[in-house]
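Thanks for coming. I have one structure to go through today, and I will keep to what can be read from the coordinates.

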Amino acid sequence: VILPASLHTIGEDAFRHCEELLEMNIPDHLSEIGDYAFLGCHDEFTLSIGQNAYAREYANENDVRTQRA
């Protein structure tokens with residue numbers, strides 16, 4: 001999934017239990033990810049993150065796998 005660069009927020013539970021979702025590219029301007037946004041996603045789910053420090057911090061705090069975009 002590639003999110004638009006204009007997106008600033010991913011809401012609470014937005015992708016909860018999306019077990020088919022394997023990767024998502026996070027835009028650099030994203031400033032908020034809601035609680036449980038990726039809870040229950042596939043075990044191999046990965047956030048592809050460029051320069052977005054907020055998204056990287058969220059991933060680290062919520063045990064979400066990351067890779068450099």
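I will take confidence and overall form, then the strands and the helix, then salt bridges, cysteines and a few single residues.

To begin with, this is a predicted model. The mean pLDDT over the protein is 94, and 100% of the residues score at least 70. By element, helix 1 has the lowest confidence, with a mean of 94, while strand 3, residues 32-33, has the highest, at 97.

Now the overall form. The chain has 69 residues, and its radius of gyration is 11 Å, which agrees with the value near 11 Å that a compact globule of that length would have. Along the principal axes, the C-alpha atoms fill a box of roughly 25 × 20 × 20 Å. Of the 69 residues, 33% are buried.

Next, the secondary structure. There are 1 helix and 5 strands. In sequence order the pattern reads β-β-β-β-α-β, so the helix comes between strand 4 and strand 5, as the crossover I turn to now will show.

Which way do strand 4 and strand 5 run relative to each other, parallel or antiparallel? Strand 4 covers residues 46-49, strand 5 covers residues 65-68, and the two pair in the parallel sense over 4 bridges. The connection between them goes through helix 1, residues 53-61, and the resulting β-α-β crossover is right-handed. One of the bridge partners can be named: Thr46 is matched with Arg65 in strand 5.

Arg65 comes up again under salt bridges. How many salt bridges are there? The count is 2.

One of them joins Glu44 and Arg65, with the closest N and O atoms 3.5 Å apart. This pair links distant parts of the chain, since Glu44 sits in the loop between strand 3 and strand 4, Arg65 sits in strand 5, and 21 residues separate them. Are these two residues buried, exposed or in between? Glu44 has a relative accessible area of 44% and is partly exposed. Arg65 is partly exposed as well, at 41%. So Arg65 has two roles in this description: bridge partner of Thr46 and salt-bridge partner of Glu44.

The other salt bridge is between the side chains of Arg16 and Asp13, at 3.0 Å from N to O. Arg16 is partly exposed, with a relative accessibility of 34%. Asp13 is also partly exposed, at 31%.

On to the cysteines. The structure holds 0 disulfides. Cys18 is in no disulfide, and the nearest cysteine sulfur, in Cys41, is 5.6 Å away. Why is there no bond between the two? The sulfur of Cys41 has the sulfur of Cys18 as its closest cysteine sulfur, and 5.6 Å is too far for a bond; the cut-off applied is 2.5 Å. In accessibility, Cys18 is partly exposed, at 29%. Cys41 is buried, at 12%.

Then two backbone angles. Which residues other than glycine have a positive phi? His17 has one, near 65 degrees, and Tyr36 has one of about 60 degrees. His17 is in the loop between strand 1, residues 9-10, and strand 2, residues 23-26. Tyr36 is in the loop between strand 3 and strand 4. His17 counts as partly exposed, with 48% relative accessibility. Tyr36 counts as partly exposed too, with 47%.

The last item is a contact between residues far apart in sequence. Ala5 and Asp28 are separated by 23 residues along the chain, and their C-alpha atoms are 7.2 Å apart in space. Ala5 belongs to the segment before strand 1. Ala5 is exposed, with a relative accessible area of 56%.

To go back over the main points: strand 4 and strand 5 are paired in parallel, with a right-handed crossover through helix 1. There are 2 salt bridges and 0 disulfides. The radius of gyration agrees with that of a compact globule. That is what I have for today.

Definitions and conventions. Residues are numbered from 1 along each chain as its sequence is written. This is a predicted model: local features need pLDDT of at least 70, side-chain atom pairs count only at pLDDT 80 or more; totals for chains, interfaces and linings use all residues. Side-chain values use heavy atoms; hydrogens and water are left out. Two strands pair if DSSP finds at least two bridges between them. A crossover is right-handed if, with the strands pointing away from the viewer, the path from the first strand over the helix to the second runs clockwise. pLDDT is the predictor's confidence in each residue, from 0 to 100. A salt bridge is a side-chain nitrogen of Lys or Arg within 4 Å of a carboxyl oxygen of Asp or Glu. Buried means under 20% relative accessible area, exposed over 50%, partly exposed in between (1.4 Å probe, protein chains only). The radius of gyration is taken over C-alpha atoms; the globule rule is 2.2 Å times the number of residues to the power 0.38.
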